[in-house]
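Here's a quick briefing to read alongside the model. Have the viewer open and follow along.

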Amino acid sequence: MNIKVNSRIAQAAPSATLAITAKANALKKQGIDVVSFAAGEPDFDTPQSIKNAAIEAINKGFTKYTPSIGTVELREEIVKKFKKDNNLTYEVSQIAVSCGAKHSIFNAIQVLVDTGDEVIIPTPCWVSYPEMVKLAGATPKYLATTAKANFKITSEQLKQAVNNKTRLLILNSPSNPTGMVYTRQELEAIAEICVKNSIFVISDEIYEKLIYDTKEYTSIASLGKEIYDLTVTINGVSKTYSMTGWRIGYLGADKKIVSYINNFQDHSTSNPTSISQYATLQALREPESAVELMRNEFKIRRDLMMRELDKIPQISYIKPDGAFYMFCDVSKLGLAMDVATRMLNDVNVALIPGEGFMAPSMVRLSFATSQERIKEGIKRIAQWVEKNYNK
């Protein structure tokens, strides 16, 4: 049957991340021992105190509608978080809580851009950014970065890319998939150009607590009143507190932007789950030590994965500063999609091909899995490379 659908929906590409993960899960269900480096979520459990808060919410009957953009109590706690961690001063009216950071980004893009606008997206990039832009009727404008530049755009690049159609820049630091983190100095140069050209910025900071070799972290909105007014700061609890399934993200922005997001959310999802909001309140009150344990383990795993990958000369990478991904150059082995497909079929190792990240010579390996599985998975990769490329 020929079904006519909205043209913007029709052009949205399926997620390569979810496709590989689905195939790996199907093999696991068949009893096959798959080592998956595909995960985009921590493998740790949600802390018990947060789960207890959710149980308390259910038992006390906190199961009704809340305001569309979250309870006042939760937004007050988010205001405190932004001030403490990011040196950002927001009022409650500048905070919107949504069904995950992805939902927060989607809503912000829907509000900020229109048909004919261009959105600058540094690549490699998270797979959903371009599709979200297309769904809003705008055009993604890709700004390619290189390993030599640590996968970060320069202010000169940005300056050359800006034109009279440029409406928005999407920044992701720490980055999925590269793990890079922008320095304060780099962000200052970017902010100067955005202010000069009145370009909005979506700053996706969902991995901010997962940084390994420095404690320095800068939110671009903290660099002055002018860039603050132009920035939508995105965060959530999914990565920091291992709460991916709870679906809570949030943003801070200008009051007028938040009012439009409120209207949009009123007519789409309404409020995020009341129980998850209650659990998030507890998460934001957790001591830093709860996060530190997970961050320390991720650093150990990252370093282990690097040591193991160093034994395979055909694969190279840039050391990630944050998040929980290794972004590896497999161009000596072929196109990423082909490499990932063959790897899964031949040795049951799941990687995410870089095509969806706008990087067809790269694959993403997540170290959100145990040290034992990292060793086993890289061993299989090494044996596969040896068999197929060292004849």
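What follows is a tour of two sheets, the helices around them and one loop residue.

This is a predicted model, so a word on the ground rules: local features need pLDDT of at least 70, side-chain atom pairs count only at pLDDT 80 or more, and totals for chains, interfaces and linings use all residues. Residues are numbered from 1 along each chain as its sequence is written, and side-chain values use heavy atoms, with hydrogens and water left out. Helices (H or I, at least four residues) and strands (E, at least two) are DSSP runs, numbered from the N terminus. There is an open sheet of seven strands with mixed pairing, and another open sheet of four strands with antiparallel pairing.

**The seven-strand sheet**

- The strand order here is 2-8-7-6-5-3-4, where two strands pair if DSSP finds at least two bridges between them.
- Strand 2 and strand 4 (139-144) sit at the edges with a single partner strand each, so each has one side left without a neighbour in the sheet.
- From one strand to the next, the twist averages 20°; axes are lines fitted to C-alpha atoms, for helices over the stretch in contact, and angles run from 0 to 180 degrees between N-to-C directions.
- Strand 2 (residues 95-98) points Ile95 and Val97 one way and Ala96 and Ser98 the other, with all of them buried; buried means under 20% relative accessible area, exposed over 50% and partly exposed in between, with a 1.4 Å probe and protein chains only.
- Strand 2 runs antiparallel to strand 8 (residues 249-252), joined by four bridges, and Ala96 stands opposite Leu251 in strand 8.
- Strand 6 (residues 200-204) pairs with strand 7 in the parallel sense over four bridges, with Thr231 in strand 7 as the bridge partner of Val201.

**Helices on that sheet**

- Helix 6 (residues 128-135) packs on the sheet and touches strand 3 (118-123), strand 4, strand 5 (166-172) and strand 6; contact means heavy atoms within 4.5 Å.
- The direction of helix 6 makes about 150° with that of strand 4.
- Helix 10 lies across strand 2, strand 6, strand 7 and strand 8, and runs at about 30° to strand 2.

**The four-strand sheet**

- This one goes 9-10-13-12, and strand 9 (316-317) and strand 12 (352-353) take the edges, each with a single partner strand, so one side of each lacks a neighbour in the sheet.
- Helix 12 (residues 288-309) packs on the sheet, touching strand 9, strand 10 and strand 13, and its direction makes about 20° with that of strand 10.
- Strand 10 (residues 325-329) and strand 13 (residues 362-366) run antiparallel and are joined by five bridges.
- Met362 is the bridge partner of Asp329, while Cys328 stands opposite Val363.
- On the other pairing, strand 12 and strand 13 run antiparallel with two bridges, and Ile352 has Arg364 as its bridge partner.
- Five of the five residues of strand 13 are buried, so the strand is largely enclosed by the rest of the structure.
- Met362, Arg364 and Ser366 point one way from strand 13, and Val363 and Leu365 the other.

**Helix pairs**

- Helix 3 (residues 48-59) and helix 11 (residues 274-284) have axes that come within 8 Å and cross at roughly 140°.
- That makes helix 3 oblique to helix 11; angles under 35 degrees count as roughly parallel, over 145 as roughly antiparallel, 65 to 115 as roughly perpendicular and the rest as oblique.
- Residues meeting there include Ile50, Ala53 and Ala57 from helix 3, and Ile275, Tyr278 and Ala279 from helix 11.
- By class, the contact of helix 3 with helix 11 has nine nonpolar, two polar and one charged residues; Ala, Val, Leu, Ile, Met, Phe, Trp, Tyr, Cys and Pro count as nonpolar, Asp, Glu, Lys and Arg as charged, and the others, Gly among them, as polar.
- Helix 5 (residues 101-112) and helix 10 (residues 255-266) come within 9 Å, axis to axis, and cross at roughly 110°, which makes helix 5 roughly perpendicular to helix 10.
- The residues of the contact of helix 5 with helix 10 divide into eight nonpolar, four polar and no charged.

**A loop residue**

- Ser238 is in the loop between strand 7 (231-236) and strand 8, and counts as buried at 9% relative accessibility.
- Not counting residues up to four places away in sequence, Ser238 touches Pro42, Ile206, Met243 and Thr244.
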